[in-house]
Amino acid sequence: MNLNWMAWTGPTATFFILIFCLLVMMTVWEIRSPGGSPRLGILHIETTRGDRLFISLLGSAYIHIIWMALFPGLALWWALVVACLYALCVFRWV
């Protein structure tokens, strides 16, 4: 298989491995403790655990893009910290 079309660097591989691990962890969590009915959060839409994971991942992508635009010289580790805090808030209140 020719994978030369994408720059498979260490951070790129880590990103995809982390996404895969999140999906596996969410699957195990759902099997061990079914989520039950969707809940209504501050957005006033019904969300399940999977919905909140998707909202977290989408928001984290935007956080990183905005971080790169506003702070081009700073490391992305700080954006990762902000994204993790954002994900915790989404899972808590959305």
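Here are five short exercises on this structure, which is a predicted model, each with a worked solution.

**Exercise 1: the two sides of α3**

Work out which residues of helix α3 are buried, which are exposed, and what the buried ones pack against.

*Solution.* Start by finding the helix. α3 covers residues 77-93, so you have 17 residues to look at. From the first C-alpha to the last the helix reaches 24 Å, close to the 24 Å expected at 1.5 Å a residue.

Next, pick out the buried positions: Ala79, Ala83, Ala87 and Val90. They sit on the same side of α3, because they cover an arc of only 80 degrees around the axis. The spacing rule helps here: an α-helix has 3.6 residues a turn, so residues three or four places apart point the same way.

Now turn to the other side of α3, where Trp77, Trp78, Leu88 and Arg92 are exposed.

Finally, look for the partners. The buried residues of α3 pack against β1 (39-40) and α2 (49-70).

**Exercise 2: a serine in α2**

Find Ser60 and decide whether it is buried or exposed, then list what surrounds it.

*Solution.* Ser60 belongs to helix α2. Its relative accessible area is 14%, and since buried means under 20%, Ser60 counts as buried.

Then check the polar side-chain atoms. One of them, in Ser60, lies 2.7 Å from the backbone oxygen of Ser56.

Last, skip the neighbours within four places in sequence. That leaves Ala83 and Tyr86 in contact with Ser60. You have met Ala83 already, as one of the buried residues of α3.

**Exercise 3: rings and their angles**

Find the aromatic pairs and say how the rings are arranged in each.

*Solution.* There are two aromatic pairs to find. In one, Phe15 and Phe16 are 5.2 Å apart centre to centre, with 75 degrees between the planes. Planes over 60 degrees apart count as edge-to-face, so that is the label for this pair. Phe16 is partly exposed, at 40% relative accessibility.

The other pair is Trp67 with Phe71: the ring centres are 4.7 Å apart and the planes are at 50 degrees, so this pair is tilted. Check how accessible each partner is, too. Trp67 is buried at 14% relative accessible area, whereas Phe71 is partly exposed at 37%.

One more ring deserves a look: Trp29 has the charged end of Arg49 sitting over it, 4.1 Å from the ring centre.

**Exercise 4: two loop residues**

Place Gly35 and His44 in their loops and describe each of them.

*Solution.* Take Gly35 to begin with. Gly35 lies in the loop between α1 (10-32) and β1, and is partly exposed at 36% relative accessibility. Not counting residues up to four places away in sequence, Gly35 touches Glu30 and Arg49. Arg49 is the residue whose charged end sits over the ring of Trp29.

Now move to His44, in the loop between β1 and β2 (46-47). His44 is exposed, with 64% relative accessible area. Then check the backbone: phi of His44 is near 60 degrees, a positive value in a residue other than glycine.

**Exercise 5: a threonine in β2**

Decide whether Thr47 is buried or exposed, and find which residues are in contact with it.

*Solution.* Thr47 is part of strand β2. At 2% relative accessible area, Thr47 is buried.

Leave aside the neighbours within four places in sequence, and the contacts of Thr47 are Pro38, Arg39, Arg52, Ile55 and Val94. Val94 comes up again in the polar check: its backbone oxygen lies 3.4 Å from a polar atom of the Thr47 side chain.

Methods:
Residues numbered from 1 in each chain as written. Predicted model: local features only at pLDDT ≥ 70, side-chain atom pairs only at ≥ 80, totals over all residues. Heavy atoms only, no water. Helix = DSSP H or I, 4+ residues; strand = E, 2+ residues; numbered from the N terminus. Expected span 1.5 Å × (residues − 1). Buried < 20%, exposed > 50% of the residue type's maximum accessible area, 1.4 Å probe, protein only. Arc of directions from axis to C-beta. Contact = heavy atoms within 4.5 Å. Polar contact = N/O pair within 3.5 Å; in protein donor to acceptor, adjacent residues only side chain to side chain. Phe/Tyr/Trp six-rings, centres within 6.5 Å; stacked < 30°, edge-to-face > 60°. Lys NZ or Arg CZ within 6 Å of the ring centre and 35° of its normal.
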